[in-house]
Amino acid sequence: MTSLLRSLQILVIALTYLGLALGYVPGLRMNRATIALVGSAGLIALGTLSVEEAWTAIDGSTIVFLLSMMVINAYLSYAGFFNLALVYLLRLTRSPLGLLGVLTLGTALLSAFFLNDTLALVSTPLTLGLTQSLKLNPIPYLLAIAGATNIGSVATLSGNPQNILVGSFSGISYLDFAQTLTPVAIIGLVIQIGLLWLLYPEVRSLKPCPPPQLPRLRLHRPLLIKTLIVTSLLLTAFTIGLPLAESALLAASCLLITRRIKSTRVLMAVDWSLLVMFSGLFILTNCVKSLELVNFFADWITHPIGLLAVTTVLSNIISNVPTVLLLQSFIGEDSTQAWLLLAAGSTLAGNLTLFGSVANLITVEAAASQGYPLSFWQHLRFGVPLTLLTLLVTYICVVQ
């Protein structure tokens, strides 16, 4: 009976991770959040852990930090900050190559401080409209956005969900994290521009295009000023080493005290599905540990190259957030080098394939909806060399 029960528990875990990798369950209307939640419920029902143990398994600091950053991002978006920043950047140049560089660097810079998925949502329609007005092939520019959101977000603890996890588990300060991985991001962006220059000859031109019709900006100036002040104070708090979750929660709370915009609109902009998925993944990971299903990774990840390899492969099979949750138990809290490799590897692995990161999928879906399909192979010939080269840069910057 014990053997049968263990087999059922392993089967539920395997099916749950398969569903997380696919992003859906064939024939059912389930997303990753519901898959993680249902899988966790099944494991609780099978006695893998109790409801109390499941609740304890959820890392509250990570959930609070992620929720708070989503609230801040929502206010920035409603105030018009992201569109304002991108439009001003696009006024710097009108040449195909200049546009590629500005989009890459601008998107990456914003992704370093705000969740990268938000930037993918905002910048994709703007880029499509711009390339249409300039009569340019949108594909290299879409690839630039997808790659830059991943590469740029590697630089800071607030750049993406997996970095937030690493910050919660490791205790690495915001400034120390940025000092080590910002050079990786900068070199990675240069590599990305070079690859797109090689793959798409039409972007090499420095000849100015006719003036584009940039979208009309809709700004909520009082809200924008308040949000920028609060966000600047938050980044200052991160820099001087104040607790991440507590600082972000206080900043989000200050923004929620307002007469400018209904709080229900802000809360509707929060990705509750992502928070549910995170909670389910914490429970799922706890079950995997209790059943000792991933102990064979222990020998691999003791070496930096092994850790990067395992992280890259798993991130493209089960996604980057589950990978970080699975591997974090093998890394000591004071193993700063290993934590940095885990954060960078899980983020940069997102560029390997079209399905490697949510930012990629957001870009592809938005482009396809406007009649510009981006195929798996178009992305792969760009993503493979970009990922391998940026992982090599990571190894050199972190280990050497």
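**View 1. Where helix α8 meets helix α20.** In this predicted model, Ile-139, Leu-143 and Ile-151 of α8 touch Gln-378, His-379, Phe-382, Leu-386 and Thr-390 of α20; contact here means heavy atoms within 4.5 Å. Sorted by class, that contact has five nonpolar, three polar and no charged residues. Ala, Val, Leu, Ile, Met, Phe, Trp, Tyr, Cys and Pro go down as nonpolar, Asp, Glu, Lys and Arg as charged, and the others, Gly among them, as polar. The axes of α8 (residues 139-153) and α20 (residues 376-398) come within 11 Å and cross at roughly 35 degrees. Axes are lines fitted to C-alpha atoms, for helices over the stretch in contact, with angles from 0 to 180 degrees between N-to-C directions. The crossing of α8 with α20 is right-handed, that is, the near helix is turned clockwise from the far one by less than a right angle (anticlockwise would be left-handed). Helices are DSSP runs (H or I, at least four residues), numbered from the N terminus.

A note on the model: it is predicted, so local features need pLDDT of at least 70 and side-chain atom pairs count only at pLDDT 80 or more, while totals for chains, interfaces and linings use all residues. Residues are numbered from 1 along each chain as its sequence is written, and side-chain values use heavy atoms, with hydrogens and water left out.

**View 2. Trp-377, out on α20.** Trp-377 sits in helix α20 and is exposed, at 62% relative accessible area. The cut-offs are under 20% for buried, over 50% for exposed and partly exposed in between (1.4 Å probe, protein chains only). From Trp-377 to Ile-191 it's 19 Å, C-alpha to C-alpha, with their places 186 residues apart in sequence.

**View 3. The largest pocket.** This one has a volume of about 830 Å³, taken as the space filled by probe spheres set on grid points joined across faces, edges and corners. A pocket is an open set of points on a 1 Å grid over the protein atoms alone, where a 1.4 Å probe fits, with protein on both sides within 12 Å along at least five of seven lines; lining residues have an atom within 4 Å of a point. There are 36 lining residues, and Asp-117, Asp-271, Leu-274, Val-358 and Ile-362 lie nearest the centre. By class, the lining has 19 nonpolar, 14 polar and three charged residues. Helices that each supply at least two lining residues include α7 (116-134), α9 (161-170) and α17 (320-327).

**View 4. Gln-162 and Thr-323, two buried polar residues.** Gln-162 lies in α9 and is buried at 4% relative accessible area. Leaving out residues up to four places away in sequence, Gln-162 touches Asn-320, Val-321, Val-324, Ser-346 and Thr-347. Thr-323, over in α17, is buried too, at 0%. With the same neighbours in sequence left out, Thr-323 touches Thr-311, Leu-314, Ser-315 and Ile-318.

**View 5. Helix α5 and the loop after it.** Helix α5 (residues 81-90) is mostly covered, with seven of its 10 residues buried. Among them are Phe-81, Phe-82 and Leu-84. The buried residues of α5 pack against α4, α6, α7 and α11. Arg-94, in the loop between α5 and α6, is partly exposed at 37%.
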